[in-house]
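Biologist: Hi! Could you walk me through how the helices pack in this one?
Modeller: Happy to, let's bring it up.

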Amino acid sequence: MLNHLQSDFIKEVIRCVNFAAIKHKNQRRKDPEETPYINHPIGVAHILTQEANITDIAVIQAALLHDTVEDTDTSFEEIEQHFGTKVRGIVVEVTDDKRLPSKERKALQIKHAGSSSYEAKLVKLADKLHNLRDLERCTPKGWSKVRVEEYFKFSKQVTDGLKGTNTIMEERLEEIYKMRNIL
Ligand SMILES: Nc1nc2c(ncn2[C@@H]2O[C@H](COP(=O)(O)OP(=O)(O)O)[C@@H](OP(=O)(O)OP(=O)(O)O)[C@H]2O)c(=O)[nH]1
Ligand SMILES: [Mn+2]
């Protein structure tokens with residue numbers, strides 16, 4: 001039998017994954033199979049719990065919600081209303097301003113990586129790890145070899161700024177960069 005704390009924890013995580021699934025319901029990944037988008041936030045949360053051994057529920061919820069504001073009609077206020085200020089704060093830190101051009105957004109990610117909170121760094125590491133594994137699995141529709149290579153290089157620049165946060169995820173990222181000869 002689960003104790004009260006454990007069952008409350010499970011309820012909160014399921015409430016959150018349900019919220020994210022509803023928000024991303026019409027969205028697909030860019031892979032040829034058009035995988036449901038929700039597989040990505042669930043995959044990011046899975047890396048944090050199963051590989052990085054993270055148990056902070058706010059980090060797990062922020063991982064599940066990390067692309068809702070950036071990619072759906074969700075507002076930060078809504079996140080706060082449903083999941084509180086700590087989760088909102090982490091989601092704010094990992095959300096790019098989609099009004100800016102892609103190049104500028106990427107430059108800002110590299111610039112801000114080192115100064116983000118420990119919690120946001122965890123979500124960023126897992127996000128990049130999941131996207132890079134996806135890229136190794138298959139190429140998104142319309143992406144050239146150069147674009148794939150650029151994403152690996154960009155990710156390395158971001159995750160270099162996240163060093164000293166989580167040994168397991170950082171080691172797995174290093175293995176990927178090594179295999180690809182990304183310096
Ligand atoms: N590898 C991969 N990525 C896919 C796929 N489908 C959607 N994506 C999303 O595409 C984004 C990366 O593509 P870019 O072309 O660099 O994104 P951009 O529109 O923001 O410039 C990631 O957003 P993100 O999670 O917000 O991360 P990031 O842009 O902050 O790195 C990733 O989640 C897929 O099939 N494979
Ligand atoms: Mn993401």
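Modeller: Let's begin with α2 and α3, which pack at an angle of about 155° with their axes 7 Å apart. That makes α2 roughly antiparallel to α3, a label for angles over 145 degrees. Axes are lines fitted to C-alpha atoms, for helices over the stretch in contact, and angles run from 0 to 180 degrees between N-to-C directions.

Biologist: What is the hand of the crossing of α2 and α3?
Modeller: The α2 and α3 crossing is right-handed, meaning that the near helix is turned clockwise from the far one by less than a right angle.

Biologist: And which residues make the contact?
Modeller: From α2 there are P41, I42, V44, A45, L48 and T49, and from α3 V59, I60, A63 and L64. Contact means heavy atoms within 4.5 Å. By class, the contact of α2 with α3 has 9 nonpolar, 1 polar and no charged residues. Ala, Val, Leu, Ile, Met, Phe, Trp, Tyr, Cys and Pro count as nonpolar, Asp, Glu, Lys and Arg as charged, and the others, Gly among them, as polar.

Biologist: Before I go on, what kind of model is this?
Modeller: This is a predicted model, where local features need pLDDT of at least 70 and side-chain atom pairs count only at pLDDT 80 or more, while totals for chains, interfaces and linings use all residues. Residues are numbered from 1 along each chain as its sequence is written, chains are lettered from A and ligands numbered from 1 in the order in which they are written, and side-chain values use heavy atoms, with hydrogens and water left out.

Biologist: Thanks! How many residues of α3 are buried?
Modeller: In α3, residues 57-65, 8 of the 9 are buried, which means under 20% relative accessible area with a 1.4 Å probe and protein chains only (over 50% is exposed, in between is partly exposed). The cover for those buried residues includes α1, α2, α4, α5 and α7. Helices are DSSP runs of H or I with at least four residues, numbered from the N terminus.

Biologist: What caps the N-terminal end of α3?
Modeller: D56 does, with a side-chain oxygen 3.0 Å from the backbone nitrogen of A58.

Biologist: Switching partners, how do α2 and α7 cross?
Modeller: Their axes come within 9 Å and cross at roughly 115°, and this crossing is right-handed. On the α2 side, the residues include N39, H40 and V44, meeting residues of α7 including V123, D127 and R133. The α2 and α7 contact divides into 7 nonpolar, 5 polar and 3 charged residues.

Biologist: Now H66, is that buried or exposed?
Modeller: H66 is buried, at a relative accessible area of 1%, and is found in the loop between α3 and α4.

Biologist: Which polar partners does the H66 side chain have?
Modeller: One is the backbone oxygen of A63, 2.7 Å from a polar atom of the H66 side chain. Another is the side chain of D127, in a polar contact of 3.2 Å. A polar contact is a pair of N or O atoms within 3.5 Å; within protein, one must be able to donate a hydrogen and the other to accept it, and residues adjacent in sequence count only if both atoms are side-chain atoms.

Biologist: Last thing, where is N53?
Modeller: N53 sits in the loop between α2 and α3. Its phi is near 60°, a positive value in a residue other than glycine, and N53 is exposed at 55% relative accessibility.

Conventions. Helices (H or I, at least four residues) and strands (E, at least two) are DSSP runs, numbered from the N terminus. Angles under 35 degrees count as roughly parallel, over 145 as roughly antiparallel, 65 to 115 as roughly perpendicular and the rest as oblique.
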